[in-house]
Amino acid sequence: SDVCSSDLNDMRAVRAMATEGDGAARLALDIYGHRLRKYVGAYAAVMNGIDALTFTAGVGENDSEIRAEVCAGLSFLGIELDAEANTARGGERIISTPDSPVTVLVVPTNEELEISRQAVALLA
């Protein structure tokens, strides 16, 4: 593979490799989705259900395939994903169907702003 190891820290590189037929990259994506479903399911059990599921940060904001894979495995919670809304790009949005008992959202982050706020609070 022409991908250097530092590129593997970027999910886009792993997704590209999987699309090109790399079995290890496909396995990595499958494991990633499985673990996300496992943790959402575990927290839903602890909380006796969920009202909303939020995807955020780099992968959560930008990888519609991961969101679809995660949500497909959580249909038992009542999650119904709107495929068209899920693949749309843009800011904060609801990607679940209007009838979905669980609201699924994509919420952009501004990590630099949060780091700055915490640094100012620490120095104050």
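Here are some friendly notes on this predicted model, going from the overall fold to single residues.

1. **Overall layout.** The chain has 6 helices and 3 strands. Followed along the sequence, these elements come in the order α-α-β-α-α-α-β-β-α. The C-alpha trace covers about 45 × 45 × 30 Å along its principal axes. Of the contacts with a separation of 6 or more, 46% join residues 24 or more positions apart.

2. **Surface and burial.** The chain has 124 residues, and 28% of them are buried. Its exposed area comes to about 8,200 Å², with 55% of that supplied by carbon and sulfur atoms.

3. **The main core.** In soluble globular proteins, nonpolar side chains tend to be buried together. Here the largest nonpolar core holds 21 residues, and Ile50, Leu53, Phe55, Ile79 and Val104 have the most contacts inside it. At least two residues of this core come from each of H1, H2, strand S1 (52–56), H4 and strand S3 (103–107).

4. **Valine 104 up close.** If you would like one residue to click on in the core, valine 104 is among those with the most contacts there. Leaving aside residues up to four places away in sequence, valine 104 touches Leu53, Phe55, Cys71, Ile79, Leu81, Arg93, Ile94, Ile95 and Ser96. Three of these names, Leu53, Phe55 and Ile79, also appear among the core residues with the most contacts.

5. **Helix H2.** This helix runs over residues 23–46. With 24 residues, H2 reaches 35 Å from its first C-alpha to its last, close to the 34 Å expected at 1.5 Å a residue. Its buried residues are Ala25, Leu29, Gly33, Val40, Gly41 and Ala44. Those buried residues pack against H1, S1 and H4.

6. **The end of H2 and a surface patch.** Valine 46 also belongs to H2, but valine 46 counts as exposed because its relative accessibility is 70%, and the cut-off for exposed is over 50%. Together with Tyr39, Tyr43 and Met47, Val46 forms a nonpolar patch on the surface, and the four have about 500 Å² of accessible area together.

7. **Helix H6, a contrast in burial.** What does the burial count say about H6? Of its 13 residues, the number buried is 0, so H6 lies largely in the open. The geometry of H6 (residues 111–123) agrees with expectation: at 1.5 Å a residue it should span 18 Å, and its end C-alpha atoms are 18 Å apart.

8. **Salt bridges as a group.** The whole structure contains 6 salt bridges. A network of salt bridges links Arg15, Arg26, Asp30, Asp63, Glu65 and Glu69. The next three points go through some of the pairs.

9. **Arginine 15 with glutamate 69.** The closest N and O atoms of this salt bridge are 3.9 Å apart. Arginine 15 sits in helix H1 (residues 11–19) and glutamate 69 in helix H4 (residues 64–72), so the pair, 54 residues apart, links distant parts of the chain. Arginine 15 counts as buried at 10% relative accessibility, since the limit for buried is under 20%. Glutamate 69, at 25%, counts as partly exposed.

10. **Arginine 26 with glutamate 69.** Glutamate 69 also forms a salt bridge with arginine 26, where the closest N and O atoms are 3.6 Å apart. Arginine 26 is in helix H2 and glutamate 69 in helix H4, so this pair ties together parts that are 43 residues apart in sequence. Arginine 26 is partly exposed, with a relative accessible area of 29%.

11. **Arginine 26 with aspartate 30.** The side chains of aspartate 30 and arginine 26 meet in a salt bridge at 2.9 Å, N to O. Both residues lie in helix H2, 4 residues apart, which is about one turn of the helix. Aspartate 30 counts as partly exposed at 39% relative accessibility.

12. **A loop residue to look at.** Where is alanine 88? Alanine 88 is in the loop between helix H5 (83–87) and strand S2 (93–94). With 33% relative accessibility, alanine 88 counts as partly exposed. Its C-alpha atom is separated by 8.5 Å from that of serine 64, 24 residues apart along the chain.

Conventions: Residues numbered from 1 in each chain as written. Predicted model: local features only at pLDDT ≥ 70, side-chain atom pairs only at ≥ 80, totals over all residues. Heavy atoms only, no water. Expected span 1.5 Å × (residues − 1). Buried < 20%, exposed > 50% of the residue type's maximum accessible area, 1.4 Å probe, protein only. Patch = residues over 30% accessible without salt bridge, like charges linked within 9 Å, V, L, I, M, F, W, Y side chains within 5 Å. Areas by Shrake-Rupley, 256 points an atom, 1.4 Å probe, with all protein chains shown as cover. Core = buried A, V, L, I, M, F, W, Y, C linked by side-chain atoms within 4.5 Å. Contact = heavy atoms within 4.5 Å.
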